Amino acid sequence: MNFKKYIKYTNFARNFRSLDSLIQSSGQNLLILLYHSISEKPLPHIAPLYRHRTVREFREDLAFLLKYFKPLHPLELKKIQSGEKRLRQPHFLITFDDGLKEVYTNVAPVMKELGLTGLVFLNPDFVDNQDLMFRYKAALIYNKNRDANILKLKHSDLNIIDKKAIELGLDFKDFIKKEKPYMSSEEIQELMDKDIFIPGAHSMDHPLYSDLNEQEQILQTTNSIQWVKNKFHPPVRTFAFPFTDDGISNSFFKNIKQDTDFTFGCAGLKMREQEGRHLQRFSLEGSEASAADQIYNEYFYYNLKSFIGKNKIKRN
Ligand SMILES: [Zn+2]
């Protein structure tokens, strides 16, 4: 079903059920939001991949969230998992993936103003603008040659991407130096010291995990968690899967259990897994629709899906 049709159905449904009652019957009292960047103007390394939200839209998202949900501090996750704290009212948590510069320049001032603390997931290979994620590189190439095939390339095709850039006279190092797409270690440290963002890990260099064998998945995960731990000493150890946790096995989770407190996917509202230590997030990016519309839809369809047991991810 396309999104416009979605909205039409739920506008109709909204006459019968309020968001409050949908949240209540879903039993999903924690909504975790996932963003990447917030920017007024389109960003060249992101624009061909997905639509990010503007500062105005981000402020509107937060205003809506604060109306229906209470903010959850990431440290409270431990209390929820241990059963020490039960969420009687709906809560929300903001997370950002990839550690992009705009988290410091555009997001942090808004979070600070509203007294919010979020999680930001970092790739050690890109912090301090040492390199650029392969998808962002592919997007820069696409801006030059408009060939959509480049956007289909994988992490293991990095040499093809780098060769194509040379062919087109595109200098990634130059782009990184000029644009500084990622945050510096100092900026991340400052956000943590001010309790605006707690850093977590997001793999070393952002491969799609289903392209890796389990041993490689574990190494990417534990190395990045260890790096974040040594560098920033965050009070909670968190990890968000790069791209998706689709197809990740139970044995993977067992293997990384001692290295992390919480892991995050991005499959929308779903039941918690791994004894409450693996949580799913919902993204408002990719659509111009308001948080009100998108979040209503997500709860509406979650309730429908829970009737047929589709609110739970099955793993091998
Ligand atoms: Zn990412």
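## The largest cavity

About 70 Å³ of space sits inside the largest cavity of this predicted model. In total, three cavities reach 30 Å³ or more.

What lines the largest cavity? Going round the wall, you meet Phe253, Ile256, Lys257, Thr260, Asp261, Phe262, Thr263, Gln274 and Arg277. Chemically it's an even split, with three nonpolar, three polar and three charged residues in the lining. Helix 11 (250-256) and strand 7 (262-265) each put at least two residues into that lining.

## Strand 5 under cover

Now for strand 5, residues 197-201. Is this strand mostly covered or mostly open? It's mostly covered, with five of its five residues buried. Phe197, Pro199 and Ala201 point one way, Ile198 and Gly200 point the other way, and all of them are buried.

Strand 5 also has a partner: strand 4 (residues 118-122) pairs with it in the parallel sense, over five bridges. If you want a spot to look at, find Phe121, which stands opposite Gly200 of strand 5.

## The nonpolar cores

The largest nonpolar core has 54 residues, and Phe96 and Ile295 are the ones touching the most other members. Helix 12 (residues 291-307) is the top contributor to this core, giving seven residues. Apart from this core lies another one of 24 residues, including Leu100, Phe134, Ala138 and Tyr182.

Back to Phe96 for a moment. Setting aside neighbours within four places in sequence, Phe96 is in contact with Tyr35, His36, Ser37, Ile38, Phe58, Val103, Val107, Leu119, Val120, Phe121 and Phe197. Two names on that list should look familiar: Phe121 and Phe197 both came up with strand 5.

How values were computed: Residues are numbered from 1 along each chain as its sequence is written. This is a predicted model: local features need pLDDT of at least 70, side-chain atom pairs count only at pLDDT 80 or more; totals for chains, interfaces and linings use all residues. Side-chain values use heavy atoms; hydrogens and water are left out. On a 1 Å grid over the protein atoms alone, a cavity is a set of points where a 1.4 Å probe fits but cannot get out, and a pocket is an open set with protein on both sides within 12 Å along at least five of seven lines; lining residues have an atom within 4 Å of a point. Grid points are joined across faces, edges and corners, and a volume is the space filled by probe spheres set on the points. Helices (H or I, at least four residues) and strands (E, at least two) are DSSP runs, numbered from the N terminus. Ala, Val, Leu, Ile, Met, Phe, Trp, Tyr, Cys and Pro count as nonpolar, Asp, Glu, Lys and Arg as charged, and the others, Gly among them, as polar. Buried means under 20% relative accessible area, exposed over 50%, partly exposed in between (1.4 Å probe, protein chains only). Two strands pair if DSSP finds at least two bridges between them. A nonpolar core is a set of buried Ala, Val, Leu, Ile, Met, Phe, Trp, Tyr and Cys residues joined through side-chain atoms within 4.5 Å. Contact means heavy atoms within 4.5 Å.
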